[in-house]
Protein chains: 2
Amino acid sequence: MQYAQLDIADLERELATLAQRHSAVSGSNLSLDLTRGKPAPEQLDLANALDGILEGNYMSATGIDARNYGDLRGLPEARELGAEILGLDPDRIIADGPSSLTLMYQVIDAAYHYGLSGPAWSSETPVKAICPVPGYDRHFTITESFGIEMINVPMNADGPDMDQVEALVEADPSIKCMWCVPKYSNPSGCIYSPETVQRIAALANRASAGFIVMWDNAYAVHDFEFPPAELDDILAHAERCGTADNVAVFGSTSKITFAGGGISFVAGSPVMLDRLESRMFVMLIGHDKVNQLRHVKLLHGRVEQHMRAHADLVRPKFEAVDRILNESLDGLGIAEWSRPRGGYFIVVDTIPGLAAEVIDLAGRAGVRLTPAGATHPYGRDPDDRTIRLAPTFAALEEVEAATEVLCLCIRLASARRIRAGRDA
Amino acid sequence: MQYAQLDIADLERELATLAQRHSAVSGSNLSLDLTRGKPAPEQLDLANALDGILEGNYMSATGIDARNYGDLRGLPEARELGAEILGLDPDRIIADGPSSLTLMYQVIDAAYHYGLSGPAWSSETPVKAICPVPGYDRHFTITESFGIEMINVPMNADGPDMDQVEALVEADPSIKCMWCVPKYSNPSGCIYSPETVQRIAALANRASAGFIVMWDNAYAVHDFEFPPAELDDILAHAERCGTADNVAVFGSTSKITFAGGGISFVAGSPVMLDRLESRMFVMLIGHDKVNQLRHVKLLHGRVEQHMRAHADLVRPKFEAVDRILNESLDGLGIAEWSRPRGGYFIVVDTIPGLAAEVIDLAGRAGVRLTPAGATHPYGRDPDDRTIRLAPTFAALEEVEAATEVLCLCIRLASARRIRAGRDA
């Protein structure tokens with residue numbers, strides 16, 4: 001029965017039970033952590049063959065000595081691997097070092113200070129960015145570091161609310177970019193629908209000059225089910241509507257091989273890549289092509305096979321979270337949650353105004369959760385209802401135990417709130 | 001006999017011989033290259049054990065899983081390796097990815113846009129940098145990309161002309177940084193004397209707020225002779241004169257292990273490192289610690305042993321260049337050159353106004369040399385006399401053949417110039 005429909009006696013009884021259970025758990029020295037959106041050791045083990053895979057041969061198939069300087073676009077074979085992961089043409093890809101976040105920073109830096117697809121953003125103030133929420137805190141950190149104002153737009157099951165997005169960019173020429181994690185979005189896990197992808201591709205035609213779509217396809221192949229879910233090709237759409245120079249696509253192997261020690265990719269139009277390469281030239285003589293070569297040897301032509309092995313490790317953790325949320329919260333009318341078919345996160349939405357309280361209760365019971373608000377620009381969730389769960393890193397039984405505690409805390413905080421409402 | 005003292009008949013005879021030899025060489029389809037300041041394949045081979053060196057063990061001695069995210073200062077062991085290379089305290093070091101040039105860019109970026117050791121440089125205009133010449137073109141490229149004006153200062157045998165440098169920073173508060181390659185300077189090969197190091201360490205006391213010494217110790221252990229030449233510790237001097245927050249030290253393994261695929265280091269005061277780490281946090285979740293761990297296994301405690309093997313490969317090439325320059329040019333009064341005891345470059349100074357012509361003559365004879373002016377800001381050598389030779393990459397016999405051609409071209413251009421002077 002929904003909590004809101006319980007009579008006062010039942011609610012009091014429930015509250016007492018929950019408070020007692022919470023206090024018991026809090027005394028039990030639990031120490032669990034669902035904050036870490038990083039691969040578990042067993043996932044990393046899948047790529048242990050990387051070290052030593054070259055067997056003394058550092059020459060690329062295209063005759064490049066990977067050990068020496070040069071080749072700012074990366075090894076041709078590494079660009080092909082990027083193409084396999086991102087579903088794009090290798091000619092549209094630069095293969096880089098371990099961090100796609102660094103590439104995103106460089107794209108914003110180039111657009112802001114030097115002009116990437118139009119005049120430098122810094123020549124106009126203010127500069128604003130559209131941030132679908134909930135979103136990825138590291139995108140917000142980059143954006144804020146440039147003093148770019150962030151505008152929240154709600155995320156739906158098929159991607160950002162595009163009616164709002166289109167109205168915003170048409171009304172406000174100071175909006176210069178939009179952040180997107182289009183597949184298994186961080187953290188809601190949704191996949192942008194074909195219509196959403198098309199509308200985002202066409203956005204630059206409504207926006208002011210220099211608009212950039214930051215297309216962080218971090219979970220491009222991070223599926224739990226096969227054949228994998230598909231995401232439309234934004235670059236193809238953009239080409240058709242004449243906005244190809246306004247889209248930057250990102251990917252990496254951080255959650256395919258090693259989170260510290262993978263390779264990353266940026267993709268875009270020939271104009272976009274030329275400009276990025278000219279910026280890279282200022283700060284770099286060449287990427288780590290040795291590691292690119294290792295990744296080619298390990299993954300090229302067998303990315304899906306590798307990701308199936310990840311799925312076998314990750315899927316059970318997501319299923320356990322969903323099962324426990326269902327068992328504990330279904331029908332109570334106090335929470336909703338996402339059921340992603342891939343990626344790294346689950347989102348739980350509480351009754352508005354309870355996320356921080358739930359996270360605090362969980363913390364006191366020994367379960368660390370991502371701080372309330374971290375999924376929103378400036379660390380402020382205006383509804384205080386979004387909780388991000390990262391189930392990959394912890395062991396299955398820890399994920400289960402932590403989710404049990406989370407459910408207890410959601411029930412306790414919700415029962416308290418509803419009880420307080422009766423008093424008022 | 002000096003060319004300038006030859007009588008006209010001898011000079012004409014010499015000119016005719018040289019012109020004939022140049023034309024013979026030009027017809028011989030030679031294709032040699034002394035432009036590439038990068039390691040030869042045999043040098044890279046010295047580090048071939050890197051791939052596979054971990055033998056499946058990705059855990060650091062300090063219990064960090066190198067494969068996962070995190071640790072923005074790098075593995076503690078990698079910082080110790082940086083300390084061994086740079087002769088500094090590990091606590092003063094951040095271990096990073098493959099490119100120290102990227103670290104230099106990030107330091108300038110931080111100082112310019114955000115303020116590193118004082119207010120952001122961008123809050124004042126103009127901003128100027130002191131560039132000892134000849135110097136490293138990639139330093140100039142970074143500097144110019146920020147619109148920072150570059151001021152030439154002559155390089156002496158013991159480092160930059162410090163009387164000039166001190167007078168400049170005292171007179172002009174818009175001077176905000178100084179570039180230095182203090183050991184085996186690129187390209188002159190000189191080592192900054194202890195007095196020079198001390199005066200540079202103290203510069204910030206004469207300069208305006210936010211002044212940074214960019215101390216690119218790229219050739220810290222790249223000696224040809226052992227025990228190796230010593231460089232004074234600028235951070236120790238800076239600490240004594242209260243300028244520790246105004247010095248950024250850089251190093252890398254690019255010319256120790258792999259030029260594409262090494263690791264790099266930035267060192268400085270606790271304040272400097274805190275600020276840099278906070279900037280890194282914006283653009284990065286963690287460096288490639290796996291590659292850091294590989295480097296620790298290969299090099300820690302045996303850097304000198306490894307560099308002796310490099311010296312055995314590189315020294316003969318430098319000796320060959322010096323021998324041929326001596327045989328061909330000594331006593332003619334038309335050229336001077338450096339005799340470095342380490343590093344990657346030799347500088348040849350021609351009669352003023354002849355460098356571009358010599359490089360052009362060499363090019364027509366099939367020998368590529370670094371373009372005239374590349375050793376100076378804005379690509380302009382005001383005396384047009386400095387030629388940079390990079391003897392490491394080519395095979396010994398190629399280095400010898402190329403140097404022979406260079407000497408021929410210097411003689412030809414010089415004889416022509418002196419002959420023209422007689423006519424005038």
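Modeller: In this predicted model, Lys and Arg count as positive and Asp and Glu as negative, while His and the chain ends are not counted.

Biologist: How far apart do the centres of the positive and negative side chains of chain A lie?

Modeller: Chain A carries 38 positive and 58 negative side chains. Each set has a centre, and the two centres are separated by 3 Å.

Biologist: What radius of gyration does chain A have, and what would a compact globule have?

Modeller: The expected value depends on the chain length, which is 424 residues. A compact globule of that length would have a radius near 22 Å, and chain A agrees with this because its own value is 23 Å.

Biologist: What percentage of the residues of chain A count as buried?

Modeller: Buried means under 20% relative accessible area. Of the 424 residues of chain A, the share that meets this cut-off is 62%.

Biologist: Which residues of helix H7 of chain B are buried?

Modeller: Helix H7 of chain B covers residues 194-201. Its buried residues are Thr196(B), Val197(B), Ile200(B) and Ala201(B).

Biologist: Why do the buried residues of H7(B) line one face of the helix?

Modeller: An α-helix has 3.6 residues a turn, so residues three or four places apart point the same way. Seen down the axis of H7(B), the buried residues therefore line one face, as they fall within an arc of 135°.

Biologist: Which helices are included in what covers the buried residues of H7(B)?

Modeller: The cover includes strands of chain B, among them S6 (175-180) and S7 (212-216). The helices of chain B included in it are H6 (162-171) and H8 (234-240).

Methods. Residues are numbered from 1 along each chain as its sequence is written. Chains are lettered from A and ligands numbered from 1 in the order in which they are written. This is a predicted model: local features need pLDDT of at least 70, side-chain atom pairs count only at pLDDT 80 or more; totals for chains, interfaces and linings use all residues. Side-chain values use heavy atoms; hydrogens and water are left out. The radius of gyration is taken over C-alpha atoms; the globule rule is 2.2 Å times the number of residues to the power 0.38. Buried means under 20% relative accessible area, exposed over 50%, partly exposed in between (1.4 Å probe, protein chains only). The place of a charge is taken as NZ of Lys, CZ of Arg, CG of Asp or CD of Glu. Helices (H or I, at least four residues) and strands (E, at least two) are DSSP runs, numbered from the N terminus. The arc is that of the directions from the helix axis to the C-beta atoms. Contact means heavy atoms within 4.5 Å.
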